[in-house]
Amino acid sequence: MAEPGKSVTAGKLAINVQKRLSRAQEKVLQKLGKADETRDVVFEEMVAKFNKQMSEGTKLHKDLKAYMAAVKTMHDASRRLQDCLADMYDPEWFGKEEMDTLVEDTDTLWLDYHQNINDKSLNTLDTYVTQFPDIKARIAKRDRKMVDFDSARHHFASLQKGKKKDEAKIAKPAALLEMAAPSWAQGLISAHQVAQTNLSYNQAEEDLGRAQKIFEELNVELQDELPSLWDNRVGIYVTTFQALAGHQEKFHKEMSKLSQNLNDIMTNLEEQRQLKKGETAAAKTGDNANSKESNHSESASSAPKRPGPPPSRPELTPSPDQSHNPFGGQNTGSDANTEITTTAPQCEPWSGVNLLDWDLEVLRPPAFPSPEVPSLVSLVVCGLFYL
């Protein structure tokens, strides 16, 4: 014995197969022109607009999801770059605390930007796109029910046309039955044939009414929803892109400030480096100068001792006791009371020092005070003295 569940499933499967065969047969007859087709030009335009709207909305949703994935990728790349900068930034460099704060603010800004776009733009598009499959399925169901309605209508019309023919066919056998069968059997046969014809006609009428009702309900619902859905697309686009533009403006504005702060930190770090470089160069120059001075002092201390002064020139001093000239004459005028005396130079013994070892400063003669210009008599006396 078959199980109840399996028998019910088999029954539904048989009904569905019969419906599909009936619909396929009806479509073939309609394409061949042997059966008329229900057409609604206004509804077909609505369906064309819906297909366009669904295609555009699906593409927009796909592209926005790709943009969100790109934002997440950029966030990850920015976080790794900022973390690398924070790790390599030495603590003694300028703006270490500011750099750590800037890294945290940048990561927070990326998180807020991604979250805001997801909440305000992507979720709105998700809700907008999720209604397309349901409406598409209802449009397809409406098309199937329209074919069922056409099939039921054609079947009922054929029964109406053949009703008179069936009644004529039933009348002829009745005349024959009257001749071959008893009178009580002839009435039963005629009643059975009429009842069978009426049953088929009533069944076809019921099927037509049921198919028409289902089709009209779906048709009315879709005719109300499709124009409203077509008009709502403008509001969806405005909400999505307005929120996206606002968050982009805020994100780039804040990111510009953080970028300027990073630029300032790098500028100050370069100034700090140049300052340290200048201080190092100055210290190095000072060390070189001190080294040269020490080397010069060591060379001076190692030089030979300076010898005594060279032989002095004869000093010419007037003598107050002599009042006459060497020629026996009496001095007159300003030379009357002037006596010229000479002092022979004293030569010191040679010390045996090599003059090549002396410094130039040592060989330079000392400066003597210039004596007064002697008179002619004094020069003559000095000449006689040396002779």
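**Exercise 1. Find the aromatic ring whose face lies under Arg 142, and then find a second charge placed over a ring.**

Solution. In this predicted model, Arg 142 lies over the face of Phe 43, at 3.7 Å from the ring centre. For the second case, turn to Trp 230, whose ring has the charged end of Arg 233 over it, 3.7 Å from the ring centre.

**Exercise 2. Describe the geometry of the aromatic pair formed by Phe 149 and Phe 215, and work out which parts of the chain it ties together.**

Solution. Begin with the overall count, which comes to 7 aromatic pairs. A pair of aromatic rings is described by the distance of the centres and the angle of the planes. For Phe 149 and Phe 215 these values are 5.8 Å centre to centre and 5° between the planes, and the pair is stacked, since planes under 30 degrees apart count as stacked. Next, place the two residues in the chain: Phe 149 lies in helix α3 and Phe 215 in helix α4, so the pair ties together parts that are 66 residues apart in sequence. Finally, check the surroundings by accessibility, where the cut-off for buried is under 20% relative accessible area. Phe 149, at 11%, is buried, and Phe 215, at 7%, is buried as well. Elsewhere, ring pairs link Phe 50, Tyr 128, Phe 132 and Tyr 237 into a cluster.

**Exercise 3. Identify the residues with the most contacts inside the largest nonpolar core, and say which helices supply the core.**

Solution. The largest nonpolar core has 28 residues, and those with the most contacts inside it are Phe 50, Phe 132, Ile 135, Ile 139 and Leu 226. Three helices, α2 (41-88), α3 (96-180) and α4 (183-301), each supply at least two residues of this core, and the largest share, 11 residues, comes from α3. To look at one member in detail, take Leu 226, which, when residues up to four places away in sequence are not counted, touches Phe 43, Met 46, Val 47, Phe 50, Ile 135 and Ile 139. There is also a second, separate core of 9 residues, which includes Met 146, Ala 152, Leu 208 and Phe 215.

**Exercise 4. Decide whether Met 46 is buried or exposed, and list its contacts beyond its neighbours in sequence.**

Solution. Met 46 is found in helix α2, and at 18% relative accessibility it counts as buried. Leaving aside neighbours within four places in sequence, Met 46 is in contact with Gln 223, Leu 226 and Pro 227. For Gln 223, the separation can be given in two ways: Met 46 and Gln 223 are 177 residues apart in sequence, yet 7.8 Å apart in space, C-alpha to C-alpha.

**Exercise 5. Determine how many cavities of 30 Å³ or more the structure holds, and which residues line the largest cavity.**

Solution. The structure holds 1 cavity of 30 Å³ or more, and the volume of the largest cavity is about 40 Å³. Its lining consists of His 75, Ser 78, Arg 79, Gln 82, Val 103, Thr 106, Asp 107 and Trp 110. The elements that give two or more residues to this lining are α2 and α3.

**Exercise 6. Place these details within the chain as a whole.**

Solution. The chain has 6 helices and 2 strands, and from the N terminus on its elements run α-α-α-α-β-β-α-α. Of its 387 residues, 23% count as buried. Among contacts between residues at least 6 apart in sequence, 81% join residues at least 24 apart.

Note on methods
Residues numbered from 1 in each chain as written. Predicted model: local features only at pLDDT ≥ 70, side-chain atom pairs only at ≥ 80, totals over all residues. Heavy atoms only, no water. Core = buried A, V, L, I, M, F, W, Y, C linked by side-chain atoms within 4.5 Å. Buried < 20%, exposed > 50% of the residue type's maximum accessible area, 1.4 Å probe, protein only. Helix = DSSP H or I, 4+ residues; strand = E, 2+ residues; numbered from the N terminus. Contact = heavy atoms within 4.5 Å. Phe/Tyr/Trp six-rings, centres within 6.5 Å; stacked < 30°, edge-to-face > 60°. Lys NZ or Arg CZ within 6 Å of the ring centre and 35° of its normal. 1 Å grid on protein atoms, 1.4 Å probe; cavity = no way out; pocket = protein on both sides within 12 Å on 5 of 7 lines; lining within 4 Å. Points joined across faces, edges and corners; volume = space filled by probe spheres on them.
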